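Me: Could you take a close look at one part of this model with me? I would like to go through a single sheet and its surroundings.

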Amino acid sequence: MKMKFRKPVLFLLLVTVLAPIVLYTDTLASYFTPPSSRTEFIEDLSTFTLGGDVRPLNLLPQESSTLLKEPPGNVYSENSSLSLSNTSDTLSSEDARKARQLTEESMKHQAATGNSNDGIEVAMNGNRISQVTDSLHEPHQMDKTSLELVSAERSEGRATDTSSKKKTSPTDSSHTSDTTSAKTEIRQDQRTVQTSGRVVSGETAGGKGEEQNAQVVPPDARVRQLKDQLIRGKVYLSLSATRNNPHFIRELRLRIKEVQRALGEASKDSELPRNAYEKLKAMEQTLAKGKQIQDDCATIVKKLRAMLHSAEEQLRVHKKQTLYLTHLTAKTLPKGLHCLPLRLSTEYFRLNSSQQRFPNQENLEDPKLYHYALFSDNILAAAVVINSTVSHAKDPSKHVFHIVTDRLNYAAMRMWFLANPPQHATVDVQNVEEFTWLNSSYSPVLKQLASQSMIDYYFRSRADSDPNVKFRNPKYLSIMNHLRFYLPEIFPKLDKVLFLDDDIVVQKDLSGLWSLDLKGKVIGVVETCGESFHRFDRYLNFSNPLISKHFDPRACGWAFGMNIFDLNEWRRQNITEVYHSWQNLNHDRQLWKLGTLPPGLITFWKRTYALDRSWHVLGLGYNPNVSQKDIQRAAVIHYNGNLKPWLEISIPKFRDYWSKFVDYDQVFLRECNINKLAGT
């Protein structure tokens, strides 16, 4: 009998003793608590907030931040809270135990220190929960309203949990369970709202991305497509398989004409007519028919290669023609510059003999003054050289300009400077025909220039056969170009002379060049070996043994255009005779082509004194990439090349350096309709 009642008694005893333990012990209750709540507890203790920053506690092992990031493009559904709860279940029981221990220690510390900081702790706990939960469930930042709702809800939850622990009735237990389930529903609703917001923001970002992609499309995409269709159409016109189909050929030719009319001169899609897209679609349909007729890729590729070769050959021919025409344009005298000497010559011959003389002629042979040599037949260019030099001179009265020109421009050149004398400076104009000592018996170059072979070289039509068309320049037939090699004979009483080309502009005072010690050298030069094509092998024929024996092909070249000459040293080393000997050796133009720089490199070999580069900057007549910094600090800028500043083909951004020294209101310029070029 006793055995019958023992089991029910033990069962009741077990229920009455163990039931409260099961229901209210933290160790077991933690497994009945929703997983999200346990996750909040652990994450709450893993971070704390100080000054708005979330900082980790070193007491707990921290998860890698990469585990907390949401995969890009993943949109959560309404049941996303389940996946989050499953993720939370992966936390180890060891982390949960450490979290509870830390919570109990924190509560004991609060009890020991009093309740004065309870409000602060509650606020901090609220911030910690919201920030940690946000970092786990939502990598993007929530708006302020959502954060306030979550903080208030969690504060309420903590208050409810605290009151439930003080009471032990089953009713309170059920109330606690209801509160927990309510909190879970609130969180799910909030996450649904957040997810919706994330989807909307994703759509907005996607829209912006599409707009950016639309902007990346080149403005001439359709133009290129039309041009591509024309090429494909020409291919099908030339294939034997398609030529045997007259109906297709007629249709294709019609489509090609339509596309050509639609394309016109358009370079952008915005310049195409409205029906361009219709023509494009119609052409594409016709090309599809051609593809059905001829689908042999090898034949099409072969034809495309032939067309490419033909286009390259045409491009080569056009480039050569362009080069020839550019040189022709550069050497052709513009109408205004042709009118100017005629108008000036007429005025000069109206003057009496006394009015035709320049003042201060006593300065022409004074070696203490600063003497310039300028050899030119371009009146306007010579005027710019002198105006720019005088305007930057510290003492213009010490500067003397010796101009030598040809017989045709002699009267006009004198008239210009009589009507427009430079301020306080001395000017003299000479006629090269008056140099009776300069004749073919004395100068080999004069004898060569008068030869029939040289005349044929210049005036026979050889533009297509001569690759060195730039050397076929009629100015080389003039002795004016070679006068720089006869400076001691032209100025027998001078010690130093500064030679200036007529395509330069002076930007600083040049008087310091006369005080330079050239250390026994004949000529002061600015070297131009910064680039490979400015070395000796660019100008001289090193396949000839005479050249290869005496010179270094990698030696630095230098520039004619602004050079200081020591005439005493020139006479002592007999430089003119050196020049004559090399000119005689080059009678058949086998050592170098025509020009003055190659014989200059040879004549003054190892007789040059290197000046600072800032004295002379070159390239403004062919190189648009000359540095503005180099131009600004240069004493002289040189428009060497074909794009002279007085021509319409000049580089626009460099024109103003030259044109600002031209008075376009001068009466002779107005009468010859010489105006400032556009772009200056």
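Which residue in strand 5 does T405 stand opposite?

Reply: Happy to help! This is a predicted model, where local features need pLDDT of at least 70, side-chain atom pairs count only at pLDDT 80 or more, and totals for chains, interfaces and linings use all residues. Residues are numbered from 1 along each chain as its sequence is written, and side-chain values use heavy atoms, leaving out hydrogens and water.

T405 stands opposite N431 in strand 5. Here strands (E, at least two residues) and helices (H or I, at least four) are DSSP runs numbered from the N terminus, and two strands pair if DSSP finds at least two bridges between them. Strand 4 and strand 5 are paired in the parallel sense, over six bridges.

Both belong to an open sheet of seven strands with mixed pairing, in the order 5-4-3-6-9-8-10. Its edges are strand 5 (426-431) and strand 10 (608-610), each pairing on one side only. Even so, five of the six residues of strand 5 are buried, so this strand is largely enclosed by the rest of the structure; buried means under 20% relative accessible area with a 1.4 Å probe, counting protein chains only.

Helix 16 (residues 410-419) lies across strand 4 (399-405) and strand 5, and runs at about 170 degrees to strand 5. Such angles run from 0 to 180 degrees between N-to-C directions, with axes fitted to C-alpha atoms, for helices over the stretch in contact, that is, heavy atoms within 4.5 Å.

Elsewhere in the sheet, strand 6 (residues 496-500) and strand 9 (residues 562-566) pair in the antiparallel sense over five bridges, with V497 opposite F565.

How values were computed
Buried < 20%, exposed > 50% of the residue type's maximum accessible area, 1.4 Å probe, protein only.
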